[in-house]
Amino acid sequence: MDGSSLPEVRSTCAYCGVGCGVLLRADGAGGLTVRGDPDHPANFGRLCSKGSALGEVTGLSHRLMAPHVAGQVSSWDAALQHVADRFSDTIAKHGPDSVAFYVSGQLLTEDYYVANKLMKGFIGSANIDTNSRLCMASTVAGHKRAFGTDTVPGTYEDLDQADLVVLVGSNMAWCHPVLYQRVLEARKTRGTRIVVIDPRRTASCDQADMHLALEPGSDVALFNRLLARLAQDGQTDAGYLTHTVGFDDAVKAAQADDPAVTGLSPQEIEDFCNLWIGTERVVTVFSQGVNQSSSGSDKVNAILNCHLATGRIGRPGMGPFSVTGQPNAMGGREVGGLANMLACHLDIENAMHRQAVQQFWNAPTIPDKPGLKAVDMFRAVEEGQIKALWIIHTNPAVTMPDADRVSKAIKACPFTVVSDITAQTDTARLADVLLPATGWAEKDGTVTNSDRWISRQRAVLAAPGQARPDWDILAEVGRRMGWQSAFDYQDPAEIFTEYAALSSVANRFEKDFDISGLAGLDASSYADLAPVRWPVGKTRKPERFFRDGGFFHPDGKARLLPVTHRPPAARTEPKFPFRLNTGRVRDQWHTMTRSGLSPRLSAHLAEPFLEIHPEDARRHGLAAADLAEVRNPTGTAILRVRITDAVAPGQVFAPIHWTGETAPSARIDALVPSVTDPVSGQPESKASVVSVSRMKAAWYGFAISQDPIAPNVDYWAASRTDKGFRTELAGYSQVQDWEETARSWFGLAESAATVVADPARGTYRIALTVENRLKAALFVSREPVALMRDYLSTTIGNGPEQVLVGRAPADVEDAGPTLCACFGVGVKTILKAIEADQLDSVEAIGDALGAGTNCGSCRPEIADLLAVHGKVETPA
Ligand code: SF4
């Protein structure tokens, strides 16, 4: 069928927890077009650069098409029976706690529900944990301690109605761009002020009224000072405090804390307190900078304390608000994806809750204690206690702290199953059984976003090869393990309505999570389900939580907790003088298995990097575009240096996205020790200590190629281009024969080579052609190679002579690294417009070049270029 005649389908974005609605139209040839859904309450038609490029990541070249057992293609029947038998045998021999599932915030709620039911209700262990443990477990713990349940009291509308938005440990401009656009809109229309609390100056600081670059991990001390000031100034809400307990102890602890540990000046701290106290409508947004910490739960409670003490919660334009990382991290929290929870916010350690769930499922068993949280789970794998492991849509060999050790543990596990869309991940390569699962545009189910909207994700593309939905794979294994009727699901609607019915059972315990009003949906009303914000009970309708108290502790009161600053577990020392912060970049998502397929997204930041302050760079002999070795006792990495005062002296920053598939020496979690928050079990991912030194490379290289390469060299980092791939390279040892080496790396033994070499200077330019069409080219130098990388990447398929010049012809403009992914506008083009055309605002640049006028994700960076008037540092 012609694509234009196919209907547009409402669905949700595959990436972050903002949960934007999208309108998808299949093109009839395996691809699709995407636009923002103007009616979706999360985004009202907006999309960021990642969402806008969703249509570019549905290709099948990397997909896993059939089950594999022991490296051989298998039938589904044989693979599933093998999985069921190995899990049953392991349980029979070693007990239910000898097996584990490690799942993902990428799963749909229906997938999560079946996985949780299988593990907790039928296998009889709570050893199921999700990668959301790495993302927001501290928020869950903080909410439960304060509110009695994991309730997010804020809504996106609060961001529209706030007069002050405080971003704590959140680079919202890059990580939740559509929400950031809402904040900027509020700033324009009502003058909303923005404070950013972050050790690093991020894109979110560009529009901020105040940036508090506090010492890493000192957030508790800052919010304790705020609580102490609130008490001292008589600025608390006595009426609201009747809905709480613990105020006096919390204030006493706050007063005892020393705000000097934040490293901020007394004036900065008092200015922040004055602004917060003087503004009633305050939303405090927090994210990974708060959660990924050994004191993450305490940080969350320090923030909640201030909102509870002032009654700034549950009312329009105010409240604490955690924004979630993954598209269905929130759904996973609700459905029991964490090892310490049952479904519907019920508690695994509460006998009545357990009994209710067990009865509802008609389950033979239910565990009476929490299972292993992610870090402990992989430790148990390493120690041989877990003997059968099923990893679903996640890549722990890269993303877990102490990633090298985790990778070895998975490899040594007696039986590992991986369900994923691709076998090209560091984890999938370690599996005994690979199960092909459907991907985002092929899946049907629901997700919950950061502010409790449940939205349908709808399949618009056919499942490729033999791929099957995750709920279907899990249910089939459940049936083959002997629980036929409990897992006899025909479609996701059946699972969702069972889950909704379970929430009415949970409601007997007066919990917040209630979707019982959706229990009666038939298949067609489930198919048509419009976004709905819970609670949506039979009688309860969407409401604000906590406007008038009504917390979920047995006495109905919230808890203010006495919390005290604790520094990060690792301390800097002469051998490891730098504090390593980690995080995301604007246009990539997690380990890039999808976003890395888009040349447009890959063009923004094509290589892993290390941000380091100019003074530190000087002191350690690092120049722009050098490669740096980053080391600590846990692991090592090699990263491209970016010298910037966005990081403070003594601190460095590196992104999380690169893997063994894209840059094997830049797996940043190899440097993160497995230290966790004692309450939430969330790892401290942003506060390792490391040494940094210049890589003493014998040579540096840059390659373009039609096909991907994975050379056996000390450093390489690859990214996609419109015509193939570009790869940065470096090595410690001299190479004897560059022409032969190039043929071997590119797999082009039979190609013709054109070589321009100056062995005395160590420079080589080699073009490999087939039938006079360029297939690959390699540029080598003793220093970091200065080339027109973006132009060269366009020459694949041309004649060899164009590429060997190493730069664009005079009539071809070098646009520089892409800044606006939507319209492909490069840094140099924008700089030229600023200087030559005298453009002096983001709007003027948008009018002239289009940059920043679609998703708006690049607007902060355009503002940054304007601010420095062309003095921006770009890689060689
Ligand atoms: Fe997707 Fe961007 Fe919306 Fe997140 S903000 S859901 S990545 S479009």
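How many residues of strand β27 (residues 699-705) are buried? I looked this up to open the notebook, and seven of its seven residues are buried, so I call the strand mostly covered (buried means under 20% relative accessible area, exposed over 50%, partly exposed in between, with a 1.4 Å probe and protein chains only).

**Ground rules.** I am working with a predicted model, where local features need pLDDT of at least 70, side-chain atom pairs count only at pLDDT 80 or more, and totals for chains, interfaces and linings use all residues. Residues are numbered from 1 along each chain as its sequence is written, and side-chain values use heavy atoms, with hydrogens and water left out. My helices (H or I, at least four residues) and strands (E, at least two) are DSSP runs, numbered from the N terminus.

**Entry 1: β27 and its sheet.** I checked each face of β27. Trp699, Gly701, Ala703 and Ser705 lie on one side, Tyr700, Phe702 and Ile704 lie on the other, and all are buried. A handy reminder for myself: in a regular strand the side chains alternate between the two faces of the sheet.

Next I looked for partners, where two strands pair if DSSP finds at least two bridges between them. I found β27 paired with strand β29 (residues 724-731) over seven bridges, in the antiparallel sense. With strand β32 (residues 773-781), β27 makes six bridges, also antiparallel. Alanine 703 is a nice place to see both: its bridge partner in β29 is threonine 727, and in β32 it stands opposite leucine 778.

Stepping back, I traced an open antiparallel sheet of six strands, in the order β28-β29-β27-β32-β31-β30. Its edge strands are β28 (715-721) and β30 (752-758), each pairing on one side only. On average, neighbouring strands here are turned by 10 degrees against each other, direction ignored. At the β30 edge, I noted seven bridges to strand β31 (residues 763-770), running antiparallel, with alanine 757 opposite tyrosine 764.

**Entry 2: a three-stranded sheet.** I also found an open antiparallel sheet in the order β17-β18-β19. Here β17 (445-448) and β19 (532-533) stand at the edges with a single partner strand each, so one side of each has no neighbour in the sheet. I followed β17 to strand β18 (residues 453-457): four bridges join them, antiparallel. Valine 447 has serine 455 in β18 as its bridge partner.

**Entry 3: α3 against α19.** How do these two helices lie? Helix α3 (residues 109-123) and helix α19 (residues 470-480) pack at an angle of about 20 degrees, with axes 8 Å apart. Axes are lines fitted to C-alpha atoms, for helices over the stretch in contact, and angles run from 0 to 180 degrees between N-to-C directions. I therefore log the two as roughly parallel (under 35 degrees; over 145 is roughly antiparallel, 65 to 115 roughly perpendicular and the rest oblique).

Contact means heavy atoms within 4.5 Å. On that basis, I see Glu110, Asp111, Val114, Ala115 and Leu118 of α3 meeting Asp470, Trp471, Leu474, Ala475 and Gly478 of α19.

**Entry 4: alanine 126.** I found alanine 126 in the loop between α3 and β7 (128-130). Is it buried or exposed? Alanine 126 is buried, at a relative accessible area of 2%. Not counting residues up to four places away in sequence, it touches several others, among them Asp97, Lys120, Ile348 and Leu372. Last note: the C-alpha atoms of alanine 126 and alanine 403 are 23 Å apart, with these positions 277 residues apart along the chain.
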